[in-house]
Amino acid sequence: MVSCLDPSSCGIGRSISSAPHLFTPSVRSGIGIDADDFRLSPTACSERFTFHLLRPDSSLIQGYWSLRRGIFCSEQHVFEDSDRDELDAIAYPIAALHHSSDPEHDDAAETDVIGVVRIVETEPRLWYGGRLGVHSDFRCHNQIGKGLIWKAVTSANGWGCDRFLATVQIQNVRFFRRLHWTSIDELEIRGIRHHLMQADLDYYLPSHEHRPVASHHPTAVA
């Protein structure tokens, strides 16, 4: 079975974001994230949103699972009771976070998971992205989808990726092409048209973020 970006949330990619910008998020204490050194997508920026690899002991991990289930089970009905599978035992979860706080009291930030994706190495140096989705309340913010994709590919590229693939729902293919992805095949998954797409690793510069050891992966228990 192949990990994939299907079914990606239907609101991603409807508009192009503003001018290029670099943004390095601060590490916020107490929420169990790894954010050592990564650059946000050059065309995705906001001080309200940050993108992080989640550790299994993170207080945010349940929000990650909950949003995945909400998108792929309750909303899109691609799965029935759970979208989890055996790949979750070896996949790395990534979350987009929304920070709502008084700028003068950043330590008191209210943080919510509003976007998800996972990455998994299925063969040596071959990586896939999967379960990409954005909360329905935030799909007007085009930079969230871009930031999740950037974080996913740059993380894998920093860990020795030679190829990064994803299966992308047909309505999102144009969006991915704008983000330096190439279509290499067409296929149908669960009755939904997809393109198998490959990321341009020369565009997605390697992240310097540490790769967690395998024993730190979340389990795939539904």
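**Close-up 1. His180 in the loop between helix 3 and strand 7 of the predicted model.** The relative accessibility of His180 is 37%, so this residue counts as partly exposed. Its phi is near 70°, a positive value in a residue other than glycine. His180 is also among the residues in contact with Tyr204.

**Close-up 2. Arg125 in the loop between strand 4 and strand 5.** Arg125 is not a glycine, yet its phi is positive, about 75°. With a relative accessible area of 40%, Arg125 is partly exposed.

**Close-up 3. Helix 1, residues 61–75, and its kink.** For the 15 residues of this helix, a rise of 1.5 Å a residue gives an expected span of 21 Å; the end C-alpha atoms lie 20 Å apart, which agrees. The helix nevertheless has a kink of about 25°, centred on Arg69. Residues buried in helix 1 are Ile61, Tyr64, Trp65, Leu67, Arg68, Ile71, Phe72 and Cys73. An α-helix has 3.6 residues a turn, so residues three or four places apart point the same way. Within the list of buried residues, Ile61, Tyr64, Arg68 and Ile71 can be followed along the helix. Just after the helix, His77 takes a positive phi of about 55°.

**Close-up 4. The hairpin of strand 7 and strand 8.** Strand 7 (residues 181–189) and strand 8 (residues 192–199) run antiparallel and are joined by eight bridges. Two residues separate the strands, and Arg190, in the turn, has a positive phi of about 50°. Trp181 has Ala199 of strand 8 as its bridge partner. Glu186 stands opposite His195 in strand 8.

**Close-up 5. Strand 6 beside strand 8.** Strand 6 is also antiparallel to strand 8, with five bridges between the two. Here Val168 stands opposite His195 of strand 8. His195 thus appears in two views, facing Val168 in this one and Glu186 in the hairpin.

**Close-up 6. The largest nonpolar core, of 35 residues.** The residues with the most contacts inside this core are Ile119, Ile144, Leu148, Ile149, Phe164, Trp181 and Tyr204. At least two residues each come from strand 2 (49–54), strand 3 (92–100), strand 4 (110–123), strand 5 (126–134), helix 2 (142–158), strand 6 (163–169), helix 3 (173–178) and strand 8. Helix 2 gives the most, with seven residues. In soluble globular proteins, nonpolar side chains tend to be buried together. A second, separate core has 15 residues, including Leu54, Leu60, Leu67 and Val113. Of these, Leu67 is also listed as buried in helix 1.

**Close-up 7. The surroundings of Tyr204.** Leaving aside neighbours within four places in sequence, Tyr204 is in contact with Ile149, Trp150, Val153, Thr154, Asn157, Leu179, His180, Trp181 and Ala199. Among these contacts, Trp181 and Ala199 are bridge partners. Ile149 and Trp181 also belong, like Tyr204, to the residues with the most contacts inside the largest core.

**Close-up 8. Trp127 and its aromatic partners Tyr92 and Trp159.** The whole structure holds eleven aromatic pairs. In one of them, Tyr92 and Trp127 are tilted, with 6.0 Å centre to centre and 35° between the planes. Tyr92 lies in strand 3 and Trp127 in strand 5, so this pair ties together parts 35 residues apart in sequence. Tyr92 has a relative accessibility of 4% and counts as buried, while Trp127 is buried at 0% relative accessible area. Trp127 also forms a tilted pair with Trp159, with 5.7 Å centre to centre and 55° between the planes. Trp159 lies in the loop between helix 2 and strand 6, so its pair with Trp127 in strand 5 ties together parts 32 residues apart in sequence. Trp159, at 11% relative accessibility, counts as buried.

**Close-up 9. An aromatic cluster of Phe164, Phe175, Phe176 and Trp181.** Ring pairs link these four residues. Phe164 and Trp181 are also among the residues with the most contacts inside the largest core. Trp181 is in contact with Tyr204 as well.

Conventions:
Residues are numbered from 1 along each chain as its sequence is written. This is a predicted model: local features need pLDDT of at least 70, side-chain atom pairs count only at pLDDT 80 or more; totals for chains, interfaces and linings use all residues. Side-chain values use heavy atoms; hydrogens and water are left out. Helices (H or I, at least four residues) and strands (E, at least two) are DSSP runs, numbered from the N terminus. The expected span of a helix is 1.5 Å times one less than its number of residues. The bend at a residue is the angle between axes fitted to the seven residues ending there and the seven starting there. Buried means under 20% relative accessible area, exposed over 50%, partly exposed in between (1.4 Å probe, protein chains only). Two strands pair if DSSP finds at least two bridges between them. A nonpolar core is a set of buried Ala, Val, Leu, Ile, Met, Phe, Trp, Tyr and Cys residues joined through side-chain atoms within 4.5 Å. Contact means heavy atoms within 4.5 Å. Rings of Phe, Tyr and Trp (its six-membered ring) pair if their centres lie within 6.5 Å; planes under 30 degrees apart count as stacked, over 60 as edge-to-face and the rest as tilted.
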